[in-house]
Amino acid sequence: MQKSLVQHELLLSSIPSILIGVAQNGVIAHWNHAAENMFGLPAASVLNRPFAECPIQWNTKVISEAMSEARKVGSAIRLDDIVFTRPTGEKRILGVTLIPVPQEEEDSIECVIFGADITDRKRVEELKNEFVSTVSHELRTPLTIIKEGVSQVLEGLLGSLNEEQKHFLDIALENIDRLGRIVDDLLDISKIEAGRLELKREMVDIGALAKSIVIPFRSKGRLKGVEIVTDVPEYGATVYVDEDRIIQVFTNLIDNALKFTERGQIEVFVRDRKNLVECRVKDTGKGIVPGDLPKVFGKFQQFHRHSTEKGTGLGLAICKGIVDAHQGQIAVQSKSGEGTAFTFTLPKHTSKELFQKQVENALKEVAREESCFSFVVFEIGNIDLLLQKMGVENSAMLFQDLEALLKANLPRKAQIVMRDNRALFVLLPDIPKEQALIVAGRIQKTFDDHLSKRKMKNKVEFACKVVTFPQDGSTLQKLLEKLGGI
């Protein structure tokens, strides 16, 4: 038995990666040679000491909280940006995995910290992303100039052309556009990998969006003998997303489906589920062989492409990055020769939940900058009566009109506009109470004028509430209480 334990200890100590074992009582039970070399701390100086008091110059609190979470959920947790200082004063970056261990004895190891120095890898990634981003930006300007010049010549603004000249200029213009798309893809993937993909979110009806996206693809599909159909709800599949980015996801998926579908149909499907909206693009095309399925969302992956169809191979990786950034999920199902279905889901939140989250974020910002903010809520008090008289679709159209008017009349500092089925929410950073009341009054008048034109002014009961930090409250709870517990 003793020989087995010694062999076990030798095996753990020989692992080239950092390995730290933390026992149930919170003390360090194992500290291998890699940890000794990395942190400059011999095992004898840390074993049987509380992990919370370990003299490593890193964020012990973050590690401890992550260990607790790993034990709670019963699965490993990965942390990729742990900065620590070596005894020489040099700062390095660790990537660690915190692995909970099933308990056999009271004094056994409860969690293992397994990791490695990823500083050099991080630097290479940063240099690569910076290079791709810089080159892509530098390419955009000359591409725009070249495209404009070729377009002017092609349109005859600089003299007449014969048919052969027009043909070659058309080819040049197509390839300029293709190069522009490649540059855009490279920029997008570099932003996604660097975690710098910015999302300009708003409440979007995904069903209506999907129907509008399909329209320009239908003529292209008819030329190939492929029918593009939609199966989407009339109203209600609304989520808080960046509309342009979701258009990008649908466009990439539909464009891919068209490339690999020679006959049959492509179906664009949207469903409003309980806690999410499900979207799917399904085709009757070539399909993907089983061995290629795990690689579908990787970078520079291309399957079953002819030479004339080659692109960057980044489209699906970008789709996944966009969906991930929205806290959604994307998956693929396919059989070779039987078609492919890409399904992605987007989580649903009520406007009130999202608005409260935005207010929490605003509170954190003003705490750092010692500033103020106001928020305004326009609520329809008789929405149930309107739904009965106008119906769901007409009521939704009324709300969309009011939302568009609201956005058109907000000051530039307005940060967010959201709506649910009875209220419109606006957050106004750096705007004090007096100015917020002026803004609210102007918008109320715009609403009244619009409703008067539609002969509905006396049919819609509006209530407008304005609350300002710190004047009306210094906490989220107090501010929401001022709004009547919204």
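Visitor: What makes strand S3 (residues 77-85) and strand S4 (residues 91-100) a pair, and in which sense do they pair?
Guide: Two strands pair if DSSP finds at least two bridges between them. S3 and S4 pair over 7 bridges, in the antiparallel sense. Within the pair, Ile82 stands opposite Leu94 in S4. The hairpin of S3 and S4 has 5 residues between the strands, and Gly89 there takes a positive phi near 95 degrees.

Visitor: Where do names such as S3 come from?
Guide: Helices (H or I, at least four residues) and strands (E, at least two) are DSSP runs, numbered from the N terminus. Residues are numbered from 1 along each chain as its sequence is written, and this is a predicted model, in which local features need pLDDT of at least 70 and side-chain atom pairs count only at pLDDT 80 or more. Totals for chains, interfaces and linings use all residues, while side-chain values use heavy atoms, with hydrogens and water left out.

Visitor: Which strands are the edge strands in the sheet ordered S2-S1-S5-S4-S3?
Guide: This open sheet has 5 strands in antiparallel pairing. Strand S2 (28-31) and S3 are its edge strands, since each pairs on one side only. On average, neighbouring strands here are turned by 25 degrees against each other, direction ignored. Strand S1 (residues 18-23) is joined to S2 by 3 bridges and the two run antiparallel; in S2, Trp31 is the bridge partner of Ile20.

Visitor: What does helix H4 touch when it packs on that sheet?
Guide: H4 touches S1, S3, S4 and strand S5 (109-117), where contact means heavy atoms within 4.5 Å. The direction of H4 makes about 165 degrees with that of S3. Such angles run from 0 to 180 degrees between N-to-C directions, and axes are lines fitted to C-alpha atoms, for helices over the stretch in contact.

Visitor: Why does one side of S7 and of S11 have no neighbour in their sheet?
Guide: That open sheet has 5 strands in the order S7-S9-S10-S12-S11, with mixed pairing. Strand S7 (226-231) and strand S11 (329-335) stand at the edges with a single partner strand each, so one side of each is left without a neighbour. Neighbouring strands of this sheet are turned by 10 degrees against each other on average, direction ignored. Strand S9 (residues 264-272) and strand S10 (residues 276-283) run antiparallel, joined by 7 bridges. Lys282 in S10 is the bridge partner of Glu267.

Visitor: Why is H6 called oblique to H9?
Guide: The axes of helix H6 (residues 163-193) and helix H9 (residues 315-325) come within 10 Å and cross at roughly 40 degrees. Angles under 35 degrees count as roughly parallel, over 145 as roughly antiparallel, 65 to 115 as roughly perpendicular and the rest as oblique. The angle therefore makes H6 oblique to H9. H6 passes H9 in a left-handed crossing: the near helix is turned anticlockwise from the far one by less than a right angle, whereas clockwise would be right-handed.

Visitor: Which residues meet there, and what makes a residue nonpolar?
Guide: Asp185, Asp188, Ile189 and Ile192 in H6 meet Ala317, Ile318, Gly321 and Ile322 in H9. They divide into 5 nonpolar, 1 polar and 2 charged. Ala, Val, Leu, Ile, Met, Phe, Trp, Tyr, Cys and Pro count as nonpolar, Asp, Glu, Lys and Arg as charged, and the others, Gly among them, as polar.

Visitor: And what angle do helices H7 and H8 make?
Guide: The axes of H7 and helix H8 (residues 243-259) cross at roughly 30 degrees and come within 10 Å. H7 and H8 are therefore roughly parallel to each other. H7 passes H8 in a right-handed crossing. Their contact has 11 nonpolar, 2 polar and 5 charged residues.

Visitor: Why is the pair of Phe39 and Trp58 called edge-to-face?
Guide: Rings of Phe, Tyr and Trp (its six-membered ring) pair if their centres lie within 6.5 Å; planes under 30 degrees apart count as stacked, over 60 as edge-to-face and the rest as tilted. The structure holds 9 aromatic pairs. In this one, the ring centres of Phe39 and Trp58 are 5.4 Å apart and the planes stand at 65 degrees, so the pair is edge-to-face.

Visitor: What is the peptide bond from Phe469 to Pro470 called?
Guide: That peptide bond is cis, with omega near 0 degrees. Pro470 is found in the loop between strand S16 (462-469) and helix H13 (476-482).
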